[in-house]
Amino acid sequence: MTFDLTGRIAVVTGASRGIGYFIARELAAAGAHVIAVARTVGGLEELDDQIKAAGGQATLVPLDLADMAGIDRLGGAINERWGKLDILVANAGVLGVISPIGHVEAKTFEKVMTINVTSTWRLIRSVDPLLRLSDAGRAIILSSNAAHSARAFWAPYAASKAAVETMMRSWAHETQSLPLRVNAADPGATRTAMRAQAVPGEDPETLPHPSEIAKRIVPLASPGLTETGLIFQAKHNRFVAYRQPE
């Protein structure tokens with residue numbers, strides 16, 4: 001699928017590595033000006049070098065997403081400079097720990113919820129008015145199959161992704177009569193540092209590279225997209241719908 005994002009403004013969180021890094025590169029390659037957000041300055045600078053070498057444009061925002069006031073300022077800065085936002089990719093997230101739920105430390109659980117859930121809500125709140133000003137606003141919220149499988153020992157991460165998907169669905173319902181399209185993206189098992197942390201005995205060479213997954217997810221930013229309120233499964237390259245418990 002080919003599409004032109006020239007003149008469009010995109011925010012990508014967790015852009016310094018992994019899937020977020022390659023989504024940012026793909027968006028820039030399609031013509032978008034990428035606002036790359038991450039804690040790691042070195043990773044952001046490397047991303048900027050790669051984007052510029054390919055003829056693209058980026059603005060770097062070193063930001064810890066636990067800084068809620070910083071997320072608010074990000075929305076204000078985008079408004080002052082561009083007056084709108086066309087694409088949001090809420091990619092940043094942490095795993096926490098793979099552990100029996102009763103053994104999870106409070107500080108670990110709270111960090112997972114802060115970064116994966118609260119900061120995502122704060123980001124949505126900060127940029128929702130700007131996305132509504134776009135003629136084809138697109139929001140892509142990174143999720144995980146863990147939200148549905150509820151695997152043993154994955155409780156904090158699974159709960160955080162279930163919460164994020166529920167927020168996405170509500171947001172999609174609220175905006176379904178607008179040009180804004182809001183979807184979740186499940187990348188599936190991918191060759192990332194987080195996956196290695198979660199499944200240390202797994203051979204990473206058996207998993208798709210994050211650049212491959214990014215190429216599948218980026219079309220969700222296309223102005224021609226019609227789907228909203230769904231999950232995009234990158235592994236199968238398809239949208240799937242939600243249903244009520246039976």
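Helix α3, residues 68–81, is a convenient place to enter this predicted model: its 14 residues reach 20 Å from the first C-alpha to the last, close to the 20 Å expected at 1.5 Å a residue. The expected span is taken as 1.5 Å times one less than the number of residues, and helices (H or I, at least four residues) and strands (E, at least two) are DSSP runs, numbered from the N terminus. Residue numbers start from 1 along each chain as its sequence is written. Because the model is predicted, local features need pLDDT of at least 70 and side-chain atom pairs count only at pLDDT 80 or more, while totals for chains, interfaces and linings use all residues; side-chain values use heavy atoms, with hydrogens and water left out.

The buried residues of α3 are Met 68, Gly 70, Ile 71, Leu 74, Gly 75 and Ile 78, where buried means under 20% relative accessible area, exposed over 50% and partly exposed in between, with a 1.4 Å probe and protein chains only. Viewed down the axis of α3, these buried residues fall within an arc of 165°, so they line one face of the helix; the arc is that of the directions from the helix axis to the C-beta atoms. An α-helix has 3.6 residues a turn, so residues three or four places apart point the same way. On the face of α3 turned away from the buried side sit the exposed residues Arg 73 and Glu 80. The buried residues of α3 pack against β1 (9–13), β2 (33–38), β3 (57–62) and α4 (106–131), contact being defined as heavy atoms within 4.5 Å. After α3 comes Gly 83, with a positive phi near 75°.

One of the partners of α3, helix α4, contains Lys 107. With 61% relative accessibility, Lys 107 counts as exposed. The C-alpha atoms of Lys 107 and Val 127, 20 residues apart along the chain, are separated by 28 Å.

Helix α1 (residues 18–29) can be read in a similar way. Its twelve residues should span 16 Å at 1.5 Å a residue, and the 17 Å between its end C-alpha atoms agrees with this. Buried in α1 are Ile 19, Gly 20, Tyr 21, Phe 22, Ile 23, Ala 24, Leu 27 and Ala 28. The elements covering these residues include β1, β2, α2, β3, β4 (87–90) and α8 (210–217). Just after α1, Gly 31 has a positive phi of about 110°.

The strands bring us to the sheet. It is open, has eight strands in the order β3-β2-β1-β4-β5-β6-β7-β8, and shows mixed pairing; two strands pair if DSSP finds at least two bridges between them. Strands β3 and β8 (238–240) stand at the edges with a single partner strand each, so one side of each is left without a neighbour in the sheet. On average, neighbouring strands of this sheet are turned by 20° against each other, direction ignored. Helix α2 (residues 41–53) packs on the sheet, where α2 touches β2 and β3 and its direction makes about 175° with that of β3. Axes here are lines fitted to C-alpha atoms, for helices over the stretch in contact, and angles run from 0 to 180 degrees between N-to-C directions.

Further along the sheet, six of the six residues of β6 (residues 181–186) are buried, so the strand is largely enclosed by the rest of the structure. Arg 181, Asn 183 and Ala 185 point one way from β6, whereas Val 182, Ala 184 and Asp 186 point the other way. Strand β5 (residues 138–142) pairs with β6 in the parallel sense over five bridges, and Leu 142 stands opposite Ala 185. Strands β6 and β7 also run parallel, joined by three bridges, with Asp 186 opposite Gln 233 in β7.

At the β8 edge, three bridges join β7 (residues 231–233) to β8 in an antiparallel arrangement, and Phe 239 in β8 is the bridge partner of Phe 232. A search of the whole structure finds three aromatic pairs. In the pair of Phe 232 and Phe 239, the ring centres are 5.3 Å apart and the planes lie at 65°, so the pair is edge-to-face. Rings of Phe, Tyr and Trp (its six-membered ring) pair if their centres lie within 6.5 Å; planes under 30 degrees apart count as stacked, over 60 as edge-to-face and the rest as tilted. Phe 232 is buried at 5% relative accessibility, while Phe 239 is partly exposed at 24%. Arg 238, also in β8, is partly exposed at 43%. Leaving aside neighbours within four places in sequence, Arg 238 is in contact with Ile 231, Phe 232 and Gln 233.
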